[in-house]
Amino acid sequence: MKTEMTNIDIHAAVKELQKVVNGKLDKAFLIDSQDGKELILKVHIPEVGTREIAIGIGKYKYITMTEYEREKPKNPPSFAMLLRKYLNNIKITKIEQHNFDRIVIFTFQWGETLYRLIVELFGEGNVIILDKEDRIILPLKIERWSTRRIVPKEIYKFPPQRDLNPFNLEYSIAYELFKDEFQKEENKDTECVRVVSRIFGLAGVYAEEICETAEVDKKTVNPSEEEIKKLFEGTKAFFNKVFNEKKPHIILKDGNYHDISPIELKKYEDLPPNYEKKYYEEFLNALDDYYSGFVIKKEIKKEESKLQKMVKKQERILQNQIESLKKYEKQVEESQIKGDLIYANYSLVDEILNTLKSAREKMDWEDIKKIIKENKEHPILSKVVSINEKNGEIVLKLSADYENKHIEKNVSLDIRKNAFENADVYYSKSKKFKNKIKGVKIAITPSEEKLNKLKKKEETEMETLKEKEESIKKKERKQRKWYEKFKWTVINGYLVIAGKDATTNETLVKRYLEKDDVVFHTLMEGAPFTAIKTEGKEVDEDTLQEVAKFAVSHSKAWKLGLGSADVYWVKPEQISKTAESGEYLKKGAFVIRGKRNFIRSVPLELGIGIVEYGGEEKLTTAPQNTLKNSFKKWVLLKPFKKKKGELVKELKKEFKEYNVDDEDILRVLPPGESNIANK
């Protein structure tokens with residue numbers, strides 16, 4: 001499996017990551033795994049919502065936008081906290097790939113404040129935060145080389161730059177630089193595929209693609225000038241494909257992820273039966289499935305494996321104890337029988353032992369063995385099976401009726417001992433093994449208990465892990481209606497929409513206002529326009545009052561904790577983008593001309609709940625009377641110094657039966673901080 005992104009992959013990913021530009025960092029998380037670390041940047045993008053960028057560092061090196069849920073650490077590591085400290089709520093103004101290298105630069109800027117986040121996806125990978133002077137504030141990992149040092153307070157230096165990159169191939173000098181690389185001393189005996197790879201820092205698969213496109217054998221050494229020209233043209237054709245013929249896909253081998261590419265490759269044109277391709281609209285989606293999904297599942301498999309290893313280890317311990325018990329029980333029985341057989345044949349055994357001792361005084365062992373061999377039919381000598389004089393051992397075939405059975409066994413005896421002493425040796429062995437049995441039985445009981453506990457734990461945790469694995473799926477981004485890009489509600493049957501910021505304010509006025517609509521605004525700078533979509537119907541006084549409450553509650557007045565504020569309403573034709581002579585209007589600002597219809601001291605009053613609109617149940621906000629009259633379930637809100645994360649958790653619990661998520665809640669909450677007033 002491909003474990004890291006190439007510079008080609010990074011180029012394609014960075015191109016698609018441009019959708020994150022203008023987003024603001026909400027939070028940063030750093031997740032540890034056995035194969036490295038994963039940095040998650042949670043970014044809020046205007047008119048889109050919250051998205052997460054995943055950056056893999058370690059064995060798996062990647063950058064993508066992810067839809068997979070992660071288990072975030074409860075106590076964020078210091079690096080994640082530092083990112084939050086410096087970058088929180090600061091806009092991403094630029095995302096770029098440095099010099100077509102495996103380096104991605106995020107520029108965060110707000111007024112004079114500027115930081116860069118450098119993501120290095122080579123070596124073991126690194127993430128470095130720089131100030132506006134490119135001085136390192138903190139790297140994820142401190143690193144030192146002869147030419148550059150990644151340490152705090154040092155000026156950050158990029159790795160040495162290559163002479164050629166895909167963007168300067170059309171310059172007249174490009175071919176000469178390309179040709180020079182093949183003529184360098186260190187490249188003279190090198191295969192052309194390797195030289196091409198070195199020139200652009202390409203992965204082998206892409207360098208091979210260039211050789212195949214150029215119709216030059218990749219193993220060619222010292223290519224001719226004609227072949228170098230072909231390779232140069234093949235390089236230009238390849239990069240043209242990279243820039244203009246995107247076709248993201250994952251290559252699977254036997255159902256498992258094998259490779260990933262943003263373009264079609266000749267290498268994978270004619271796939272064997274056990275290979276297949278899975279295509280995607282966006283390369284980021286392919287990267288997310290390939291890396292994020294795989295890494296998360298791999299971590300779960302490791303947890304499963306760890307549990308299974310613990311159970312198997314305990315099973316082996318218990319099995320060894322049971323086998324020892326059986327062995328000791330067998331040895332007890334065997335030793336007891338052999339001792340009993342000696343006593344049952346006491347006279348015979350003693351006679352043989354005494355005869356052997358006497359014979360040994362007159363002749364050597366070879367002669368004794370010869371006599372025994374020649375007298376196999378002798379009633380006494382026939383009992384001798386073998387003699388091992390070196391060990392002083394004789395084996396006799398002894399038999400007796402034993403516990404209603406006729407037993408016959410070969411019994412080993414010490415020639416130097418008499419029958420009684422030999423029998424005692426076996427009885428002592430039997431006693432010794434009986435004591436061992438007691439010890440093993442005592443040990444088996446806690447081993448069984450431990451195994452049972454582990455199996456129960458395994459069963460419980462495996463179910464949890466199974467649920468966890470089944471839950472590993474992409475967040476399903478809900479299909480939003482056009483009005484959900486704004487703050488919105490339904491009051492007395494009218495759709496009401498309000499701007500969220502300068503961009504949506506401008507969009508609302510320019511694209512969505514119709515001549516019969518009614519538009520509300522407060523006198524506060526930066527307040528949103530709020531519009532009643534009348535569809536040509538007359539609006540009653542009660543509706544005007546309720547919409548005024550909605551408008552003022554979604555203005556800065558809520559953030560400031562005011563009790564009330566003045567609101568006015570006008571018709572769409574009174575709103576103009578044309579400023580007075582010599583004046584300039586900021587984005588989202590408009591000029592109001594003509595009579596303003598004021599509603600004084602409008603109370604800030606807002607709740608959040610579930611309303612049915614367009615055949616769907618949706619979460620949004622509204623004033624109290626509207627909530628009471630037309631919402632299925634609701635709670636009142638009040639301005640309050642409380643973290644949004646805590647409020648979101650409470651509201652998710654409150655509306656859990658309606659399957660609302662963080663994004664549903666964050667999209668509709670008023671500006672600033674809030675709390676639940678009552679249910």
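This is a short tour of strands, helices and one cavity, in the order you might select them. The model is predicted.

**Stop 1: the β8–β9 hairpin**

Select residues 126-130, which are strand β8, and residues 136-139, which are strand β9. The two strands pair in the antiparallel sense, over three bridges. Now pick I129. Its bridge partner in β9 is L138. Five residues lie between the strands of this hairpin. Stop at D134 on the way round, where phi is positive, near 65 degrees.

**Stop 2: the cavity**

How many cavities of 30 Å³ or more does a search of the whole structure find? The search finds one. Its volume is about 30 Å³. To see the lining, select N99, F100, R162, L164, N165, P166, I199 and F200. Colour these residues by type. Five are nonpolar, two are polar and one is charged. As background, a probe the size of a water molecule, rolled over the atoms, shows where empty space is left.

**Stop 3: helices on α6**

Show residues 225-244 as a cartoon; this is helix α6. Add helix α5, residues 204-214. Their axes come within 8 Å and cross at roughly 120 degrees. That angle makes α5 oblique to α6. The crossing of α5 over α6 is right-handed.

Keep α6 on screen and add helix α3, residues 174-183. The axes of α3 and α6 come within 10 Å, crossing at roughly 125 degrees. That makes α3 oblique to α6. What is the handedness of the crossing of α3 and α6? It is right-handed. In general, the angle and the distance between the axes describe two packed helices.

**Stop 4: the three-stranded sheet**

Move on to β15, β16 and β17. These three strands form an open sheet in the order β15-β16-β17, with antiparallel pairing. Which strands are at the edges? They are β15 (384-388) and β17, each pairing on one side only. Ignoring direction, neighbouring strands here are turned by 25 degrees against each other on average.

Look first at β15 and β16. Four bridges join them in the antiparallel sense. Pick S386 and find its bridge partner in β16, V395.

Then select residues 393-402 for β16 and 405-414 for β17. Ten bridges join these antiparallel strands. Click on A400; across from it in β17, the bridge partner is I407. The hairpin of β16 and β17 has two residues between the strands. E403 is the residue to check here, with a positive phi near 50 degrees. While the strands are in view, recall that side chains in a regular strand alternate between the two faces of the sheet.

**Stop 5: the six-stranded sheet**

The last stop is another open sheet. Six strands lie in the order β18-β19-β21-β20-β22-β25, and the pairing is antiparallel. Select 487-491 for β18 and 597-603 for β25 to mark the edges. Each has a single partner strand, so one side of each is left without a neighbour in the sheet. The twist from one strand to the next averages 25 degrees.

Finish inside the sheet, with β19 (residues 494-498) and β21 (residues 530-533). They pair in the antiparallel sense over four bridges. Select I497 and look across to β21: A531 stands opposite.

How values were computed: Residues numbered from 1 in each chain as written. Predicted model: local features only at pLDDT ≥ 70, side-chain atom pairs only at ≥ 80, totals over all residues. Heavy atoms only, no water. 1 Å grid on protein atoms, 1.4 Å probe; cavity = no way out; pocket = protein on both sides within 12 Å on 5 of 7 lines; lining within 4 Å. Points joined across faces, edges and corners; volume = space filled by probe spheres on them. Nonpolar A, V, L, I, M, F, W, Y, C, P; charged D, E, K, R; others polar. Pairing = 2+ DSSP bridges. Axes fitted to C-alpha atoms, helices over the stretch in contact; angles between N-to-C directions. Parallel < 35°, antiparallel > 145°, perpendicular 65-115°, else oblique. Left-handed = near helix turned anticlockwise from the far one by under 90°.
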